[in-house]
Amino acid sequence: MSVRIKKVAVLGAGVMGSGIAAHVANAGLPVLMLDMVPPKPGPTDDVKSKAFRNRFPLGALANLRKQRPAPLFTAAALGLIEVGNFDDDLARISECDWVVEVVKEELGVKQALFARVEPHLRPGAVISSNTSGLSIVGMLEGRGAGFRKNFLVTHFFNPVRYMKLLELVPGKDTDPAVLEHLARFGEEVLGKGIVYAKDSTNFIANRVGTYGMLRVLAELQKAELTVEEVDKIFGPALGRPKSAVFRTTDIVGLDTFVHVAKNCYDTLPQDEERETFRVPAFVEQMVQKGMLGDKSGMGFYKLVRKPDGEKEILALDLATLTYRPQGKVRFESLGAARNIEDVGERIRTVLTGTDKAARFAERVTLDTLAYASRRIPEISDDLVNIDRALRWGFAWDLGPFQVWDVYGVRKGVARMTELGIKPAPWVEQMLASGRESFYAVEGTRDTAWDIASKKATPVPENPRTLRVEYLRRGNKRVQTNESSSLWDAGDGVFLLEFHSKMNALDDAIIGMMNTALDHTEKEGRGLVIGNDGANFSAGANLMALLMAIKSDDMGSVAKMVEAFQRVNQRMRYSPVPVVAAPFGLTLGGGAEVSMGANAIQAAAELYMGLVEVGVGLIPGGGGNMQLLRNLYGPFATDKDFDSLPFLKKAFLSIGTAKVVTSAEEAREAGFLSGLDGISLNRDFLLADAKARVLGMANAGFRPPRPTHFRLSGRSGAATIDMMLYDMELNNQISAYDRHIGQKLATVLTGGDVSTSMPVSEERLLELEREAFLSLCGEEKTQARMAHLLETGKPLRN
């Protein structure tokens, strides 16, 4: 397919339509978002004005600004979204290479809009619908051959920015090149996980996920379990999100849940489990009473304020449909699984328990696994797409067949037989062939059982995917210790992996950073710092630091701080390029490691900040100087530039422990430079970082020159302290917060210096060490550290 997608039209400005428009803008593409003209003008409306005629999309833009969690990476992305309406602006879709319809989920409404759209489509443009389950055959009634050839379903999940799943459903006339083109665009440009579904009711994720939720509803009253007990069972203990079943339903909306369930019931007369999709009477009553979840303020849970003003979340009593305080949930099986980090082992522990919670979890889970197996080939030709749909669309840690592998396929079939549950015949055929699991590892890659060919085949994956796990399987480890490892990533590139708890930084990691540089400088072309974990690094090992302080071992603390500063500087000025690949939580020392590299290739979902003031400290690994260098460095020796605006921005970022919520925000805050890269698809992050390292090496990399700073010294520190004084006076900060701020200001302004005396990086690092170690010795800082470790919450003292 030759048409490159450079501009997108979104038809419909509701929650999903505006979410899709926002995410396309996140990817850097211009968007035209259209909706209907309001059908009922008010007595004071000027019906000819743009403000009235574009009211719906303009309202959507306003909502995008204030919506939480934020649908946009940065407010600046709003500049890429134009708005209009179907009556005045529909012809403008001829400017667009992809037109996606996101209007009311009614067949007639979609058919009518497509009839209006068809004459304006540019040749070769892709046209798609975000329907969650309407028939493609029905939607395309009356459309021409060209329209049909370029049409498919693109089913995003809400919230669009955060949910990885994009289900693609071709029609019988869809050009395979169009499907391939949009799959690549969705994966490589929008960062989505692509699942190929069939034109069947509710496709894959909603079909299987809704079945599983309805099985919970059917079994819970027999099991005599409460709402909060079910959510504890079907939460992280079983590899599901904390919202589990009932909280998820409140977020989605009971009316939406009922609509999806009824669509299944009404359109699946041949489904052997059709009755499972009949909505329970108590759920119908809840909808009739307006108990719709978050959108109405009450559903299975209700947030109230107690007489003392504190918030309390009440749970619904399903027998009376009244609210009551939540009870404490205690089950032996959940307790046994609580501290197990490996998700497979945790799930297995719960499912093989002997208490009421375990039996309930096992029954519902086995029902869902068997149902998923029987849906092949109706909703998908393979099990991989089903697993990916549930992982990426419902945020399960493991898909149904991965869970079955954990439980044991043969064991699962035997237990299903005992419970009167029927798996698909192909499962028993697989076992009879000698294959004992749906998934296996062959060489460095995953394989999955293919039902059609009756053999294991490689799990399809984009060539840009690189994981540390593949290097581990290929025996590519170079060096390792308890907290980190160095891997040979090929082509002369080495990869430094952190694998301590939360990837917290400690002496072992600092040592391995030096080892990695030694090895790469001797034998390689460049170094990548990244990992496969849930987060890049949550910062320094606070427990180890506090223990050293309490043991009066300040000498070792001083050595660690200086060693961390030195290795970050060594990365910066190494003769080989170093690229950090941060993602998720990248806090404190994790941010300092990233900013110490020559370049950053960040995941779009990045939560980065220098947060040390929350425990009574300032950054101690070079972070103060690094952020100042990023913000002020290009102008730092130019006497025509006033340093104070740059100092203030760095001070506020560090002094308020600001955590940015995307890589684009990190760029705006100065954690990333304008030349650093962003990967929207986390699966590609390490490969993209490796490509960046090789590009730098191939271009004749030379390390940068150290920065010298013209700083304002004591006068600048005094100016910042005036701001702190006002904040303390207005009870915005405590006296101790001001004390920490004064220490930070001294570091950032260069100490006792005049603007005519440039300050070196080394001098700023020295000031940072002095301030950090001084604060470590103070009782209030130690109290803040201990409180955070004990409660997980910051202490203001």
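Helices (H or I, at least four residues) and strands (E, at least two) are DSSP runs, numbered from the N terminus. The model is predicted, and local features need pLDDT of at least 70, side-chain atom pairs count only at pLDDT 80 or more, and totals for chains, interfaces and linings use all residues. Residues are numbered from 1 along each chain as its sequence is written, and side-chain values use heavy atoms, with hydrogens and water left out.

Two cis peptide bonds that precede proline are described here. Asn158 is joined to Pro159 by a cis peptide bond with omega near 0°. Pro159 sits in the loop that runs between β6 (151-156) and β7 (165-170). A cis bond also links Arg68 to Pro69, where omega is about 0°. The loop that holds Pro69 lies between α3 (55-66) and β3 (81-85).

Positive phi values were also computed for residues other than glycine. In Asp552, which is not a glycine, phi is positive at about 55°. Asp552 belongs to the loop between α23 (542-550) and α24 (554-572). The relative accessible area of Asp552 is 69%, so this residue is exposed (buried means under 20% relative accessible area, exposed over 50%, and partly exposed in between, with a 1.4 Å probe and protein chains only).

Asn731 likewise has a positive phi, near 60°, and is a residue other than glycine. Its position is in the loop between α30 (713-729) and α31 (735-748). Asn731 counts as exposed because its relative accessibility is 62%.
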